[in-house]
Every structure is written in structure tokens, then in C-alpha cells.
Amino acid sequence: MKLVIVAVGQKMPDWAQTAFDDYAKRFPPELRLDCRTVKTEPRSGGKTAEQLMQAEAQRIEAAIDSACNKGRRIVALDERGTTVTTKALADKLRGWQQQGDDVALLIGGPDGLLPALRQQAHERIRLSDLTLPHAMARVLLVEQLYRAWSVNAGHPYHRE
């Protein structure tokens, strides 16, 4: 099984890339992590938000197609999604692993995810009630996925 983070955006700042890489390398071989960055549609030229999100959605779908080899489960990160605790995320991760499909976790661009893409997702979860910078959202997501794995593995990283 593979976790694939598909994020709309540009190059992450060095601090964020370093933090992301630190958590990503901690995952065990049976739970691989892949991050695919797709280009943000330029916010010039008078395009509507719908047109911008549509262009980004096409890139997201292409990234999912190229990254997910098996069946796939799509999880959209959405400010209107379900709030999950660390324990609940650990339970979700365990279920995903038992199912065996690759899981694509989607992070939208400046305008979010295309509503149709959000609706097609198997699940919609929210990371926080706060508005997060894009790079921070990626770091928070990978840390929480690692933490969820550590809960399931009985690793001492997570303490309650």
C-alpha cells in the first residue's frame, strides 16, 4: 500500500521540505509515502476561480493516475471536511491498510479543490479549524500520517 500526497503548489520553502522529508523517511517499507506536486494554474489572464480549479483538477487526476498502481482511495483535504482526531486517523489508516488500495490525499491550490473533485472523493477530512499556509499543511499532514502509523504500530512516538 502507498500513501500519495498530491498537492497543488510551487516549490516548498527549505524549512518545510526539510520537515516533510524528515517525517517521510520514517515510514516503514510496507507503507510507502510519495508526494506529487502539481503546478498551480497562473492567476493571471482573467480566468475565473472555476477555470483555475478545473485546470488544477486535471493535473491532480493525472498525478493520481501516475502514482497509484492499484485500486485507489481518494481523500480530499477540505476545510468543510470531517474533523478527525489522531486516534480516528490511526483507525482510518489501519482500515486503508487492510483494504490494500493506494490512498491519494489531495491538497488543493489557492482556491481549493474543484467542487466536483471534492465530491468524487471517498472521504473529505480537515486538518485544522485554522487556515494554514500551503507548506504547513503538507508538513502537518505527513506528521499526522506518521503519528497515526506510530499509534497502530505501538511505537512510543505518540503519547496520550
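**View 1. The chain alternates strand and helix from the N terminus on, β-α-β-α-β-α-β-α-β-α.** That makes 5 helices and 5 strands in the protein chain; here helices (H or I, at least four residues) and strands (E, at least two) are DSSP runs, numbered from the N terminus. The radius of gyration is 15 Å, close to the 15 Å that the globule rule gives for 160 residues, so the chain is as compact as a globular protein of that length. (The radius is taken over C-alpha atoms, and the rule is 2.2 Å times the number of residues to the power 0.38.) Along its principal axes, the C-alpha trace spans about 50 × 35 × 25 Å. A word on the model: it is predicted, with pLDDT of at least 70 needed for local features and 80 or more for side-chain atom pairs, while totals for chains, interfaces and linings use all residues. Residues are numbered from 1 along each chain as its sequence is written, and side-chain values use heavy atoms, leaving out hydrogens and water.

**View 2. Here is the largest nonpolar core, with 30 residues.** A core like this is a set of buried Ala, Val, Leu, Ile, Met, Phe, Trp, Tyr and Cys residues joined through side-chain atoms within 4.5 Å. Buried means under 20% relative accessible area, exposed over 50%, and partly exposed in between (1.4 Å probe, protein chains only). L3, I5, F27, L93, W96, L105 and L145 touch the most other members. Strand 1 (2–8), helix 1 (14–24), strand 3 (72–83), helix 3 (86–99), strand 4 (102–107) and helix 5 (134–153) each supply at least two residues. Helix 5 gives the most, with 8 residues.

**View 3. Zoom in on I5 and its contacts (heavy atoms within 4.5 Å).** Leaving aside residues up to four places away in sequence, I5 touches F20, L33, D34, C35, R36, L105, I107, L141, V142 and L145. A second, separate core has 19 residues, M53, C68, L113 and L114 among them.

**View 4. S128 sits in the loop between strand 5 (123–126) and helix 5.** At 22% relative accessibility, S128 counts as partly exposed. Its C-alpha atom is 7.5 Å from that of T83, although the two residues are 45 apart along the chain.

**View 5. Back to the whole chain: 47% of its 160 residues count as buried.** Among contacts between residues at least 6 apart in sequence, 82% join residues at least 24 apart.
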